[in-house]
Amino acid sequence: MAATARHQEELKRKAMKAIQTSTDPIEILRAKCLARGANGIRGLSRLFKIMDDNKNKKLDFEEFRKGITEYGLNYSKEEISEIFAIFDRDKSGQIDFDEFLEKLRPPMPRMRIELVNQAFNKLDKNKDGKIEVSDLKGVYNVKQHPKYLNGEWSEDQILRKFLDTFDTKGQEDGIITREEFLQYYSSVSASIDNDAYFDLMMRTNWRL
């Protein structure tokens, strides 16, 4: 369902290589996030959302600099200025949050995007645009989970733990939006070169 340890390691390996060989500032920023695993970009996204005090989905330079620095991405102020200028195309002194994330997210072929959306649609039973514990009941079977069998965890606890695998460590809220689901799988996709394998993984995991 979530990224396997093998996918995570392959993702980190490719990211570290990109950091060392790429000359594209956006690709290097993407790679630095992905070097943290499939939730790396999502973690930065969450941090920026917290910093967007007025909720206008825009970041000024100081908010951007603070987010990059607090996330520990090891950039100088000059390097952050260079990246900010790339995204601030209209020279307004602000960058659009959604546009920034869209550019930062690893590109995914349309076929893969369609599979990810199919999986999300199957899980989002009440069609409210987010996946919560209630959506997973009857879709994700906990009956064979060791901690359910020994009585240590309830069904709700296991389902919540499952949702947390798609979330950023320390920022789990038990809710996954379509954008977050796509973000997660775009990172997983970056570790898988073969389209047929990605197709098989999604269809098998989610019974599409």
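**Exercise 1. In this predicted model, find how much space the largest pocket holds, and describe its lining.**

Start with the volume: about 270 Å³ of space lies in the largest pocket. Next, look at who surrounds that space. The lining has 15 residues, and Lys 14, Arg 30, Leu 34, Pro 106 and Ala 190 are the closest to the pocket's centre. Then ask which elements give two or more residues to this lining: they are helix H1 (5–21) and helix H2 (25–34). Finally, sort the lining by class, and you should get 9 nonpolar, 1 polar and 5 charged residues.

**Exercise 2. Work out whether Arg 30 is buried or exposed, and list what Arg 30 touches.**

First, place the residue: Arg 30 sits in helix H2. Now take its relative accessible area, which is 17%. Buried means under 20%, so Arg 30 counts as buried. For its contacts, set aside residues up to four places away in sequence; what remains is Ile 41, Lys 103, Leu 104, Arg 105, Pro 106 and Pro 107. As a last step, compare sequence with space: Arg 30 and Ala 190 are 160 residues apart along the chain, while their C-alpha atoms are separated by 11 Å.

**Exercise 3. Check the span of helix H3 and decide how far the rest of the structure encloses H3.**

Begin with the length. H3 runs over residues 40–51, and at 1.5 Å a residue its 12 residues should span 16 Å. The end C-alpha atoms are 17 Å apart, which agrees.

Now turn to burial. Because 10 of the 12 residues are buried, H3 is largely enclosed by the rest of the structure. Among the buried ones are Gly 40, Arg 42, Leu 47, Phe 48 and Met 51. The cover over these buried residues includes H2, strand E1 (58–60), helix H4 (61–70), helix H6 (97–104), strand E4 (176–177) and helix H11 (178–189).

For a close-up, pick Ser 45, a residue of H3. Ser 45 is buried, with a relative accessible area of 4%. Leaving out residues up to four places away in sequence, Ser 45 touches Phe 97, Leu 101 and Gln 183.

**Exercise 4. Count the cavities of 30 Å³ or more and classify the lining of the largest cavity.**

The count comes to 1 cavity, and about 30 Å³ of space lies in the largest cavity. Its lining is made up of Leu 123, Ile 131, Phe 162, Leu 163, Phe 166, Ile 176, Phe 181 and Trp 206. Sorted by class, that gives 8 nonpolar, no polar and no charged residues.

Conventions
Residues numbered from 1 in each chain as written. Predicted model: local features only at pLDDT ≥ 70, side-chain atom pairs only at ≥ 80, totals over all residues. Heavy atoms only, no water. Helix = DSSP H or I, 4+ residues; strand = E, 2+ residues; numbered from the N terminus. Buried < 20%, exposed > 50% of the residue type's maximum accessible area, 1.4 Å probe, protein only. Contact = heavy atoms within 4.5 Å. 1 Å grid on protein atoms, 1.4 Å probe; cavity = no way out; pocket = protein on both sides within 12 Å on 5 of 7 lines; lining within 4 Å. Points joined across faces, edges and corners; volume = space filled by probe spheres on them. Nonpolar A, V, L, I, M, F, W, Y, C, P; charged D, E, K, R; others polar. Expected span 1.5 Å × (residues − 1).
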